[in-house]
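Visitor: I am new to this structure, and rather than a quick tour I would like a close look at a single part. Please choose one, tell me first what I need in order to follow you, and then take it slowly.

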Amino acid sequence: MSNNEQENPFENSIGKLSRYFSNSDDATQLLVGNLVTFLIEKKVIDLNEYIEFTENSKNRILEKIENDIDGDMSLVIGKVFDWHINDFNKPD
């Protein structure tokens, strides 16, 4: 068997680690969304104010990091904020 045909011994571990981080991010997003929903239902925060605040935070963060990190990372951060905001803009 040639080197090209051999499986990279780290490939399986890297795949598992990547899935772990992805699942961890998903779980964190669910927990944050759940917390915000709880605070809204308990009337601790106003949904419209929260969405406006979160939009402003996203824009402020993206402006700060615009020149400090690569465009791909900036895009990812913007998308994560958008997904979070969209979770609350959807009809029940």
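Guide: Two residues are said to be in contact when heavy atoms of theirs lie within 4.5 Å. With that in mind, of the contacts in the protein chain that link residues at least 6 apart in sequence, 59% join residues at least 24 apart. What you see is a predicted model, in which local features need a pLDDT of at least 70 and side-chain atom pairs count only at pLDDT 80 or more, while totals for chains, interfaces and linings use all residues. Residues are numbered from 1 along each chain as its sequence is written, and side-chain values use heavy atoms, with hydrogens and water left out.

The setting comes before the part itself. The protein chain holds three helices and zero strands, and reading along its sequence gives the pattern α-α-α; helices here are DSSP runs of H or I with at least four residues, strands are runs of E with at least two, and both are numbered from the N terminus. Of its 92 residues, 15% count as buried, a word kept for a relative accessible area under 20%, whereas exposed stands for over 50% and partly exposed for what lies in between, with a 1.4 Å probe and protein chains only. The accessible surface of the chain comes to about 7,900 Å², and 54% of that belongs to carbon and sulfur atoms.

The part I have chosen is a small group of charged side chains. A search of the whole structure finds two salt bridges, each being a side-chain nitrogen of Lys or Arg within 4 Å of a carboxyl oxygen of Asp or Glu. In one of them the side chains of Glu-55 and Lys-58 meet, with 3.5 Å from N to O. These two residues are three apart in helix α2, so about one helical turn separates them. Their surroundings can be told apart by accessibility: Glu-55, at 28% relative accessibility, counts as partly exposed, while Lys-58, with a relative accessible area of 11%, is buried.

Lys-58 also forms a salt bridge with Asp-82, and here the closest N and O atoms are 2.7 Å apart. This pair links distant parts of the chain, since Lys-58 belongs to helix α2 and Asp-82 to helix α3, 24 residues apart. Asp-82 counts as partly exposed because its relative accessibility is 24%. Through shared partners, the salt bridges join Glu-55, Lys-58 and Asp-82 into one network.

From this network it helps to look at other residues of the same two helices. Thr-54 is found in helix α2, which covers residues 47–65, and its relative accessible area of 5% makes Thr-54 buried. Leaving aside neighbours within four places in sequence, Thr-54 is in contact with Phe-81, His-84 and Ile-85. Ser-74 has its place in helix α3, residues 71–89; Ser-74 is buried as well, because its relative accessible area is 19%. Again leaving aside neighbours within four places in sequence, Ser-74 touches Leu-62, Ile-65 and Ile-69. Val-80, also found in helix α3, counts as partly exposed, at 31% relative accessibility.

The remaining helix enters the picture through Val-36, which lies in helix α1 and counts as buried at 5% relative accessibility. With neighbours within four places in sequence set aside, Val-36 is in contact with Ile-45, Tyr-50, His-84 and Phe-88; among these, His-84 has already been named as a contact of Thr-54. Val-36 and Asp-46 are 10 residues apart in sequence, and their C-alpha atoms are 9.9 Å apart in space.

One last residue is worth finding on the way from one helix to another. Lys-43 has its place in the loop between α1 and α2, and its phi is near 60°, a positive value in a residue other than glycine. Unlike the buried Lys-58, Lys-43 is exposed, with a relative accessible area of 72%. To return to the chosen part, then, Lys-58 is the residue that meets Glu-55 and also Asp-82.

Technical notes. Areas by Shrake-Rupley, 256 points an atom, 1.4 Å probe, with all protein chains shown as cover.
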